[in-house]
Amino acid sequence: MNKDTQVAIIGAGPVGLTLAIDLAQRGIDVLVIERGDEAAAGDAKCNTVSARTMEVFRRLGIAEVVRSAGLPDDYPTDAVFSTGFDGQELARIKLPSRKERMGPDGHSAPGFPDSDWLTPEPVVRVSQYFLNPILYQCAREFSEITLLSGVEFTGYEQGENEVDVLARVISTGEQLRVNAKYLVGCDGGRSTVRKQMGVSFLGDAQLGRTRSTLVRCPAIRQLYTGRPGWMNWIRNDKVSRICVAIDGDELWLLHRSVPADADDFTALDADQSIRDLLGVDEDFSWEVLKHVDWTARRLVAERFNSGRVFIEGDAAHIWIPMAGYGMNAGVADATNLAWMMAAVLNGYAPVDMLDAHQIERHPISEQVSRLAMNKALELAERPDTPEKILQINVPQFVCEGLNFGYFYDNSPLIVYDEESPPAYDMGSAQPSTVPGCRLPHFWIDSQTSIYDTLGPYYSLLQFRGNTIDAVFADAFENAGMPLTVLDVDADADYFKHKFLLVRSDQHICWRGNGLPDMTDLIAVVTGHNMP
Ligand SMILES: Cc1cc2nc3c(=O)[nH]c(=O)nc-3n(C[C@H](O)[C@H](O)[C@H](O)COP(=O)(O)OP(=O)(O)OC[C@H]3O[C@@H](n4cnc5c(N)ncnc54)[C@H](O)[C@@H]3O)c2cc1C
């Protein structure tokens, strides 16, 4: 069987599907190859859709449905640290249930540690188990997307202007050849695409092994007394691991560590470790739905593309899921690649523009991987006082820096000025309009974020009645790149410039108080000035 498409994506995990939807919304034809069965139970490993990912999902039109999935309305998302369900509670980071999350004005309600974040879309504690079906459902609505399940990618042949993707229908053995302009491997940590590119993972050795088991067990809910927790860290002399509420009722994800001196996962007593974690005896029973064995590492691919072949998400980087930032970093990759790839395929930008993807995203992957690994090392010191537990954990459960702090500071698509972006760490970030930073969110009216009004490629924001749009509109039209013009007002002191040029991924790529040299600006932002 032969097929043609503009972009072939391998893997219908959260990253592959987000990329497919983002490309399809820009009119690009996409074919997704997934070896799994769409109807099979989803993975429960990731349980946090970060605020930054929710901003992406808001643009894609699925934020509301994602926010309403998973835990019941009144189930809190607290992180609780205790010696056991029947033991002593040592510390609690109080985080809202869905009902508590939004105030009457539809914005984040006060009283929680992330209430004042500058975002229209606070974090959602929803499992991948519920997220993936939502992404599938959304993808199915696009005529531009073809989803092939039960098909395994086997290899590719790259030519100068196209890639032939080779795959096999698992049930029949039938061979498939897909002719595409680009191939993107979103095929997870063991990525066949990455291996076939000849690209290695580089990073740090393992920090321990974990088995994470998804169980059906309504009796766990009865172990809670008082306000339930979403993520329950339990440490006593037998165990030090986590029980996560998936649906707040009968589904739970139970993480248990393999003994530190063991060579592999067989050293873990699968059942006894669950009893130890829950503090229950032999009579307690559960049904195992799925498990995943994983090794805590920090690995980033040497490079994210080889010609027309790209890797994204876990295929490009894996690290210990501290702060819940594996999938979310992958969604950020997809967001970065989608608009650039669509600009190239739609003829708005030269092919070379795609080189900026690696230049922008690789350093961020390195930074996030190190922040996650450092957090794991801090936790390995086993904080045991409430003060120490909170000091180490608040930044990972309320990780404003990971969400909003990162910036692209060496991009060939950004016109920089003399000011440096503010530094960030896992828990904190400063809003800034320095080129490369994320445009700080502000409300246009009670329900409309500035993000809702940005165009699909570039937007010129004109503040406080100042105008340069006639010149910009001409220059962008001549360059063949779409431009949206927005007249806005925002009084925060970091909006000190009259004009901002913002990309659809919400990163600022120029700012000024008057007309720049338009020839230079257009050459840079449209990728005609690549190194
Ligand atoms: C215990 C645990 C907890 C985690 N918690 C969080 C969290 O809270 N927040 C967070 O952001 N991240 C978390 N993560 C990480 C997160 O789960 C991953 O980063 C995320 O799943 C990566 O998504 P992906 O789409 O890149 O890859 P995957 O989800 O791995 O999807 C890859 C897809 O590719 C398919 N595939 C693979 N090979 C082929 C082939 N040859 N042909 C066809 N299809 C193929 C697979 O079947 C799969 O569907 C956690 C991870 C673990 C292990």
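How many of the 12 residues of H1 are buried? Hello everyone, let's start there. What we have on the screen is a predicted model. In helix H1, 11 of the 12 residues are buried, so the rest of the structure largely encloses this helix. The buried ones begin with Pro14, Val15, Gly16, Leu17, Thr18 and Leu19, and continue with Ala20, Ile21, Asp22, Leu23 and Ala24. How far apart are the end C-alpha atoms of H1? They are 16 Å apart, and that agrees with the 16 Å that 12 residues should span at 1.5 Å a residue. After H1 comes glycine 27, which has a positive phi, near 85°.

Now to the ligand. There are 35 residues around it, and the closest are Gly11, Gly13, Gly188, Gly313 and Gly326. Our helix H1, at 14-25, turns up again here: it is one of the elements that give two or more residues to the shell around the ligand. The others are strand E3 (30-34), strand E7 (151-158), strand E16 (287-295) and helix H9 (327-345). If you sort that shell by class, you get 14 nonpolar, 15 polar and 6 charged residues.

Let's step back to the domains. The domain assignment gives two of them: domain 1 is made of 2-70, 126-203 and 299-374, while domain 2 covers 405-525. Their centres, taken over C-alpha atoms, are separated by 27 Å. Where they meet, 18 residues of domain 1 are in contact with 17 residues of domain 2. Which elements give two or more residues to the domain 1 side of that meeting place? They are helix H2 (51-60), H9 and helix H10 (355-380). H10 supplies the largest share, 6 residues. By class, this side of domain 1 has 9 nonpolar, 4 polar and 5 charged residues.

Please find H10 on the screen, since we will stay with it for a moment. It has 26 residues, and from its first C-alpha to its last it reaches 38 Å, close to the 38 Å expected at 1.5 Å a residue. Where is the kink in H10? Look at arginine 361, shortly before proline 363: the kink there is about 25°. Arginine 361 is also among the buried residues of H10, as are Ala356, His357 and Glu360. Further along H10, the buried list goes on with Ser365, Val368, Ser369, Leu371, Ala372 and Lys375.

Following H10 is arginine 382, placed in the loop between H10 and H11. Its phi is near 55°, a positive value in a residue other than glycine. Is arginine 382 buried or exposed? It counts as exposed, because it has 10 C-beta neighbours inside 10 Å, and the cut-off for exposed is 12 or fewer.

Across that loop we reach helix H11, residues 386-397. Its 12 residues should span 16 Å at 1.5 Å a residue, and its end C-alpha atoms are 15 Å apart, which agrees. The buried residues of H11 are Ile389, Asn393, Pro395, Gln396 and Phe397. What do they pack against? They pack against strand E4 (79-82), strand E5 (89-93) and our friend H10.

A few loop residues to round off the tour. Arginine 464 sits in the loop between strand E21 (458-463) and helix H14 (469-479). Its phi is positive and near 55°, again in a residue other than glycine. With 11 C-beta neighbours inside 10 Å, arginine 464 counts as exposed.

Isoleucine 444 lies in the loop between helix H12 (400-404) and helix H13 (450-453). It is partly exposed, with 15 other C-beta atoms within 10 Å. Leaving aside residues up to four places away in sequence, isoleucine 444 touches Ser449, Ile450 and Thr453. There is also a nice example of folding back here: isoleucine 444 and alanine 490 are 46 residues apart in sequence, yet their C-alpha atoms are 8.5 Å apart in space.

Finally, alanine 262 belongs to the loop between strand E15 (251-257) and helix H8 (270-278). It is partly exposed too, with 13 other C-beta atoms within 10 Å. How far is it from valine 525? The two are 263 residues apart along the chain, and 52 Å separate their C-alpha atoms. Thank you for listening!

Definitions and conventions. Residues numbered from 1 in each chain as written. Predicted model: local features only at pLDDT ≥ 70, side-chain atom pairs only at ≥ 80, totals over all residues. Near = placed C-beta within 6 Å. Helix = DSSP H or I, 4+ residues; strand = E, 2+ residues; numbered from the N terminus. Nonpolar A, V, L, I, M, F, W, Y, C, P; charged D, E, K, R; others polar. Domains from an automatic or database assignment. Contact = placed C-beta atoms within 7 Å. Expected span 1.5 Å × (residues − 1). Bend = angle between axes of the 7 residues up to and from the residue. Buried ≥ 20, exposed ≤ 12 C-beta atoms within 10 Å, placed from the backbone.
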